[in-house]
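Here's a quick briefing on how the inside of this chain is put together. Have the model open while you read.

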Amino acid sequence: MTWLKRLSAGEGTSRIVCLPYAGGNGTIYESWTKWLPSGVELWAPHLPAREHRMLEAPVEDMELLVGTLADELGADERPTTLFGHSFGALVAYELSRLLQERSLPVRSLVASGMVAPQVLPPRSAPTDAEILSSLRSHGVAPEEFFRQPDLLELVMPGLRADYRMAMGYRYREGPKLSAPVIALGGTDDPGVPAEGLTAWAELSRDDDCPTRMWQGGHMYLLGHVEEVAGFVIGRHLQSLGRHLQSIGG
């Protein structure tokens, strides 16, 4: 079974791949398909320990996660933009690096809700109580979710795995990305200050690496779905145009 799932209908000549936050499902991006232009596909992870794969063992190793996603994306050479939010931004960055090593660079990387990895301080793995407290504070699950012990028992293995990968992540030096790196965030997210977002530009050789912020906290994108989707789609289309210009000289 593959670890990536196409969310959009129809065939496309390019694609946007969206990586969710820790414990999140790729289906949170399904609404983005409403604003996709023809020829652009929307993809997201479809991982073990999620949804109808809930009973499968979770992925616990970042290198395995990124390597498997890279293998699937590398099966063809369609132009690709990666978008990742929070933990997904770290996955998207490491995936961009690996694809570039394999001579399949992405056209653009959009990192959301996460400070740049080279300035990310060391973090320790959280307890189950801390994980649930984080989910509560970010408003990513209804309150009833936290009152269902049987459901919590099912989802905790996947949540623990994601949070341990996120907190155990350590940046390693390497070549800069050839693609532009765009950073997005919420104005009221205390864990992701503006300077942590602007530092993403240091990871690219491209000069066009803007930072954009929307009103809101860590999960600001849930309140600005159409705007964020439109921005990411626009950057993807812009990257396709720039590539054609470079070919034409």
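Start with tryptophan 200: setting aside neighbours within four places in sequence, this residue is in contact with Ala89, Tyr93, Leu109, Ala111, Met114, Val115, Ala116, Pro117, Val181 and Ala183. Keep in mind that this is a predicted model.

**The cores**

- Trp200 shares a distinction with Leu65: of the 54 residues in the largest nonpolar core, these two touch the most other members.
- Plenty of elements chip in to this core, with at least two residues each from strand 2 (14–19), helix 1, helix 2, strand 5 (108–112), helix 3 (128–138), helix 4 (149–167) and strand 6 (181–186).
- Helix 2 hands over the largest share of this core, 9 residues.
- There's also a second, separate core, made of 23 residues, with Tyr21, Val110, Leu184 and Trp214 among them.
- As a general backdrop, nonpolar side chains tend to be buried together in soluble globular proteins.

**Helix 1 against helix 2**

- Helix 1 (residues 62–73) packs on helix 2 (residues 87–101) at an angle of about 60 degrees, and the axes sit 9 Å apart.
- That angle is why helix 1 counts as oblique to helix 2.
- The crossing of helix 1 past helix 2 is right-handed.
- On the helix 1 side you'll find Met62, Leu65, Val66, Gly67, Leu69, Ala70 and Leu73, and they meet Phe87, Leu90, Val91, Glu94, Leu95, Leu98 and Leu99 of helix 2.
- Sorted by class, this contact between helix 1 and helix 2 has 12 nonpolar residues, 1 polar and 1 charged.

Methods:
Residues numbered from 1 in each chain as written. Predicted model: local features only at pLDDT ≥ 70, side-chain atom pairs only at ≥ 80, totals over all residues. Heavy atoms only, no water. Axes fitted to C-alpha atoms, helices over the stretch in contact; angles between N-to-C directions. Helix = DSSP H or I, 4+ residues; strand = E, 2+ residues; numbered from the N terminus. Parallel < 35°, antiparallel > 145°, perpendicular 65-115°, else oblique. Left-handed = near helix turned anticlockwise from the far one by under 90°. Contact = heavy atoms within 4.5 Å. Nonpolar A, V, L, I, M, F, W, Y, C, P; charged D, E, K, R; others polar. Core = buried A, V, L, I, M, F, W, Y, C linked by side-chain atoms within 4.5 Å. Buried < 20%, exposed > 50% of the residue type's maximum accessible area, 1.4 Å probe, protein only.
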